[in-house]
Amino acid sequence: MLYYIIRRSIAAVLMLAVISVVTFFMFYASPTDPARLTCGKNCTPQSIEANRKALGLDKPVPVQYAAFVKGLFVERIFPDDPAFQKRNPDKVTVCPAPCLGYSPLQTKLVTDIVKERLPVTVSITMGAFVLWMVFGVGFGIVAALKRGTIVDRGLVALALVLYSFPAFFIALLMYNYLSTQWGVLPPPNYVAFSESPTQWFQGMLLPWISLASLFAASYIRLTRAYMLETMGEDYLRTARAKGLNERTVVMKHTLRAALTPIVTVAGLDLGILLAGAAITETVFNFQGLGRAVVSSVQVFDLPVIVALVLVAAFFIVIANLIVDVLYGVIDPRVRLV
Amino acid sequence: MIRDTPADDSRKPFLEVKDLHVHFPTDDGLVRAVDGLDFTLERGQTIGIVGESGSGKSVASLAILGLHRRSKAKLSGQILLEGEDLLTVSDSRIRALRGNQMAMVFQDPLSALHPYYTIGNQIVEAYLIHHKAGKQEARKRAIEMLERVGIPNPGRRVDQYPHEFSGGMRQRAMIAMALVNDPKLLIADEPTTALDVTVQAQILELMKDLQKEFGSAIIIITHDLGVVADVADDIIVMYGGKCVEKGTVDEVFYTPQHPYTWGLLASMPRMDKVRRDRLDPIPGNPPSLINLPPGCAFNPRCAHRGEVEGDRCRTEVPELLEAKQGQSARCHIDAARRADIYAQSAGLKT
């Protein structure tokens, strides 16, 4: 088991390295000149070249990549020019390790951007995760147990409706009706948890519900399907033949088997969402990772793109690893070697 | 010995199934899975129910355990376990009996055991449902049972999962689980079908030993005549949801009464007869339980239909009649004539 985790962790690091290389080189394969983007309309060829040098964009791509990787372990100073640093020690930006780079377009350290935005995304994702696991899985179980009845059909229809609409539409509808018009829910607003847990909770409610409703829709169907599949298993007949009551047969024997595969899906969904719930963040005007990805891609902000792709890859790779290890624990038939 | 009429002593038989019907209403029509089944079974006795797939043998056994959903299956008749009618008792009463007084060993132990719980865990659960005992005591009992059914190193095996057991060991574990509460009635549904032949013999041997030890009554359901010949005292041959022949093992094997039983015996390899070139299969397929052939359900496959005058085989359902002392069959052909036909065909073949 330990050996498996170590091996998988090494593979995860390699995977992240490959992803960072690919992102880096793909960016430079594009026809856009990043130095040209660093100054506005009144750019002279000289100022572009000066910026290019200051940002280190004149160096070969592998050298730039090496500098980026080095920054993950040791402090970097921007601009990376010893002469400039000596001349204007007050104009340099120090980026302590792990340094994800410097965004000339936002004149900010990428590390700071991630630090600012990660809590927003984590807040949205974790809250929504709890909601959709409770309601999605819960309703899925109910639907399976009441198979064929009006309850089952209603839940399946609800899931289909929620699942069919685009995410932004559901989010906007909920925003408009639940918050603005009827005032059932407090208006969405991000307040850091450390500042005020109550306000954080109130401001998060609407994004949680709207994001969770989307996922709950697919989890209702998924859970129902796994439940129905398990309910036909021979070992449940064995459990009944022992004299177990129906409650124990369902709550212990059926759920144990039906919910195991859901752990896999849930872990991966969580990993993907932690990299940014772009649409939900945009609709409710939350400054999370998802929006940062979208805006940095739109303006070709290389350092931010590379860093956010890596953060996303990190979450997904870690989620995968956790799911695999967890699966080895909850399903005794899976051997981790 | 099977008695068609209640014995004249006042003692109630241990298990008495009277006119059992199990029907499943479906969208395609009524499935008459079991259509009038009678038998009695005493403690320490073994009855074998034999038949092809879909003859209703498993459905009948599930009915005894009360494992049919009342919403899906319509049951009628009587199943008297020591005088108590299992078809009319409450759910909680039958749950108390199930696993305790009567237990079941299922076919294919890999799918019948829960893959996520250890063998010990599953046996302990079965024990604790019916016993007020501590976890440690139940565990000790589980290990004891595993040892009793011949699982080597039970102290270690008890914590293993079903997939870590071999097929034969899994079936032994299944038997250990069924016997953990000393049931008076053990129902084994195709207990050896998923196993190698050598392991089959071991399992059957084990069941015989355990029966001697615990004195339980056993119903063994199988399509394999070799299995019943080995362990059963009495045999019921089922076809199309009905019992077509019943009698003691020796009677059914040496003087079979029903043409279907003849077919079954002819399609079985025998060591005690001169080997012929090939086995004789019964032509055709088992009937659909929704659309049973009118008259005798076996008539479309019966080679001796011509023996009966007129069209009775196709119009009239034959009664289960005593052919000789203690052995009865459901056939229109006269018992004496049947004996002739069988003697002739058996004579020709040897």
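**Questions about a predicted model**

Biologist: In β9(B), which residue is the bridge partner of V50(B)?
Modeller: Some vocabulary to begin with: strands (E, at least two residues) and helices (H or I, at least four) are DSSP runs, numbered from the N terminus. Strand β3 (residues 46–50) of chain B runs parallel to strand β9 (residues 234–239) of chain B, and 4 bridges join them. In β9(B), V50(B) has as its bridge partner V237(B).

Biologist: What kind of model is this, and which pLDDT do local features need?
Modeller: Residues are numbered from 1 along each chain as its sequence is written, while chains are lettered from A and ligands numbered from 1 in the order in which they are written. It's a predicted model in which totals for chains, interfaces and linings use all residues, side-chain atom pairs count only at pLDDT 80 or more, and local features need pLDDT of at least 70.

Biologist: Back to that sheet in chain B: which are its edge strands?
Modeller: The sheet is open, with 8 strands in the order β6-β7-β8-β3-β9-β10-β12-β11 and mixed pairing; strands pair if DSSP finds at least two bridges between them. An edge strand pairs on one side only, and in chain B that goes for β6 (102–105) and β11 (321–324).

Biologist: At about what angle does helix α1 of chain B run to β7(B)?
Modeller: Helix α1 (residues 57–65) lies across β3, β6, β7 (185–189), β8 (217–222) and β9 of chain B. Axes are lines fitted to C-alpha atoms, for helices over the stretch in contact, and angles between N-to-C directions run from 0 to 180 degrees. Relative to β7(B), the helix runs at about 150°.

Biologist: Is T46(B) buried or exposed?
Modeller: T46(B) is found in strand β3 of chain B. Leaving out residues up to four places away in sequence, T46(B) touches Q211(B), I218(B), I220(B), V231(B), A232(B) and D233(B), where contact means C-beta atoms, placed from the backbone, within 7 Å. By neighbour count, 20 or more other C-beta atoms within 10 Å makes a residue buried, 12 or fewer exposed, and anything in between partly exposed. T46(B) has 23 other C-beta atoms within 10 Å, so T46(B) is buried.

Biologist: What separates the C-alpha atoms of T46(B) and L186(B)?
Modeller: Along the chain, T46(B) and L186(B) are 140 residues apart. In space, their C-alpha atoms are separated by 9.3 Å.

Biologist: Which element of chain B gives the largest share of the side that touches chain A?
Modeller: In all, 23 residues of chain B are in contact with 17 residues of chain A. On the chain B side, α2 (91–97), β6, α3 (109–112) and α4 (119–130) each supply at least two residues. The largest share is 4 residues, and they come from α4(B).

Biologist: How many Å separate the centres of domain 1 and domain 2 of chain B?
Modeller: The assignment gives domain 1 as 15–101 + 183–349 and domain 2 as 115–176. The contact between them takes 9 residues from domain 1 and 10 residues from domain 2 of chain B. Taken over C-alpha atoms, their centres are separated by 31 Å.

Biologist: Over in chain A, within what arc do the buried residues of α10(A) fall?
Modeller: Helix α10 (residues 246–258) of chain A has as its buried residues V250(A), H253(A), T254(A), A257(A) and A258(A). They line one face of the helix, because, seen down the axis of α10(A), they fall within an arc of 130°.

Biologist: Which exposed residues sit on the face of α10(A) turned away from its buried side?
Modeller: The buried residues of α10(A) have cover that includes α5 (110–145), α8 (197–231), α9 (234–241) and α11 (260–274) of chain A. The face turned away from them carries the exposed residues R247(A) and M251(A).

Biologist: Near what value is phi of N285(A)?
Modeller: N285(A) sits in the loop between α12 (278–283) and α13 (289–298) of chain A. With 12 C-beta neighbours inside 10 Å, N285(A) counts as exposed. Most residues other than glycine have a negative phi. For N285(A), though, phi is positive, near 55°.

Biologist: And near what omega is the peptide bond from A97(A) to P98(A)?
Modeller: P98(A) is found in the loop between β2 (93–95) and β3 (102–103) of chain A. Most peptide bonds are trans. The bond from A97(A) to P98(A) is cis, with omega near -5°.

Technical notes: Two residues are in contact if their C-beta atoms, placed from the backbone, lie within 7 Å. Domain bounds come from an automatic or database domain assignment. The arc is that of the directions from the helix axis to the C-beta atoms.
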